[in-house]
Amino acid sequence: MIQRRLLTTICRMTEEAKRLAGCAAVDNHVKNNQVLGIGSGSTIVHAVNRLGTFYARQLILQNGLNLSDLERHPELDVAIDGADEVDSNLNLIKGGGGCLAQEKIVAGCAKSFIVIADYRKDSKNFGDQWKKGIPIEVLPMAYVPIIKSIQKQFGGVAELRMAVSKAGPVVTDNGNFLLDWKFDRVHDWNTINTAIKMIPGVVDTGLFINMAERVYFGMEDGSVSIRDKPVH
């Protein structure tokens with residue numbers, strides 16, 4: 001019973017941390033008449049809820065948010081998304097939920113890419129917190145040679161992600177497969193990202209290198225920690 005209560009308390013604390021980060025990001029970066037890109041992770045729910053409140057207050061004549069796409073709005077003012085892990089240089093690992101290529105496209109179309117996360121996602125180096133590996137979206141016909149190529153070139157273990165609630169592999173929104181590469185050492189992630197993307201059949205990686213402008217971390221004590229991209 002005590003263990004169950006402790007787990008419930010931790011879950012509530014984590015959700016509150018996500019909510020705080022989402023609210024801070026929206027409050028500081030969203031303005032009237034902007035075109036926004038929104039991700040799909042669990043943390044984003046809180047940002048979207050905040051957006052609804054913001055627009056209801058600021059735009060009296062407008063109810064709700066207008067849904068668009070990149071064909072009509074290929075340039076976004078702000079994109080807000082979550083992350084599975086954030087390193088000391090504000091590089092990200094994303095794709096734990098299965099949607100990485102589309103999220104990277106949206107982030108790349110934005111003038112400003114803002115990330116929201118809870119305190120568990122803050123790491124000095126990739127792998128400190130996130131143990132599930134780097135997601136890689138691949139064409140289904142090529143997943144076996146890609147696995148062999150990644151392991152031969154970069155070490156570690158790459159595995160096809162299998163579905164939990166149904167038989168077979170996880171299939172992305174683009175109809176592709178996902179690999180999870182569990183690396184065994186720290187790499188130059190910019191170089192690795194480029195090299196993996198050059199393997200025939202790779203659609204994209206879950207490495208978001210030098211893309212995030214600012215990260216909002218919801219903390220355990222109810223505060224929000226803000227970290228900006230380092231200036232080199």
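**Exercise 1. Place Phe183 in the fold and decide whether it is buried or exposed.**

Step 1. Phe183 sits in the loop that runs from strand 8 (177-182) to helix 5 (189-197). Helices (H or I, at least four residues) and strands (E, at least two) are DSSP runs, numbered from the N terminus. The model is a predicted one: local features need pLDDT of at least 70, side-chain atom pairs count only at pLDDT 80 or more, and totals for chains, interfaces and linings use all residues. Residues are numbered from 1 along each chain as its sequence is written, and side-chain values use heavy atoms, with hydrogens and water left out.

Step 2. The relative accessible area of Phe183 is 19%, so Phe183 is buried. The cut-offs are under 20% relative accessible area for buried, over 50% for exposed, and partly exposed in between (1.4 Å probe, protein chains only).

Step 3. Leaving out residues up to four places away in sequence, Phe183 touches Phe126, Gly127, Ile134, Gly156 and Trp189. Contact here means heavy atoms within 4.5 Å.

Step 4. Ala158 is 25 residues from Phe183 along the chain, and their C-alpha atoms are separated by 8.1 Å.

**Exercise 2. Describe the sheet of four strands and what packs on it.**

Step 1. The four strands form an open sheet in the order 7-8-6-9, with antiparallel pairing. Two strands pair if DSSP finds at least two bridges between them.

Step 2. Strand 7 and strand 9 (202-205) are the edge strands, each pairing on one side only. On average, neighbouring strands of this sheet are turned by 25° against each other, direction ignored.

Step 3. Strand 6 and strand 8 run antiparallel and are joined by five bridges. One bridge pairs Glu137 with Leu178 in strand 8.

Step 4. Helix 4 packs on the sheet and touches strand 6, strand 7, strand 8 and strand 9; its direction makes about 15° with that of strand 8. Helix 5 packs on the sheet as well, touching strand 6, strand 8 and strand 9, and its direction makes about 160° with that of strand 9. Axes are lines fitted to C-alpha atoms, for helices over the stretch in contact, and angles run from 0 to 180 degrees between N-to-C directions.

Step 5. Strand 7 pairs with strand 8 in the antiparallel sense over four bridges. Ala158 stands opposite Trp181 in strand 8. Ala158 and Leu160 make up the covered face of strand 7, while Val157 and Glu159 make up the uncovered one.

**Exercise 3. Find the largest nonpolar core and the elements that supply it.**

Step 1. The largest nonpolar core has 24 residues, and Ile150, Trp181 and Trp189 have the most contacts inside it. Such a core is a set of buried Ala, Val, Leu, Ile, Met, Phe, Trp, Tyr and Cys residues joined through side-chain atoms within 4.5 Å.

Step 2. At least two residues of this core come from each of strand 6 (134-138), helix 4 (143-154), strand 7 (157-160), strand 8 and helix 5. Helix 4 gives the largest share, four residues.

Step 3. Another core, of 15 residues, lies apart from it; Ala83, Ala107, Ala117 and Phe208 are among its members.

**Exercise 4. Examine Asn33 and Leu90, starting from phi.**

Step 1. Most residues other than glycine have a negative phi. Phi of Asn33 is near 65°, a positive value, and phi of Leu90 is near 70°, also positive.

Step 2. Asn33 lies in the loop between helix 1 (2-29) and strand 1 (36-38). With a relative accessible area of 72%, Asn33 is exposed.

Step 3. Leu90 lies in the loop between strand 3 (85-86) and strand 4 (92-93). Its relative accessible area is 1%, so Leu90 is buried.
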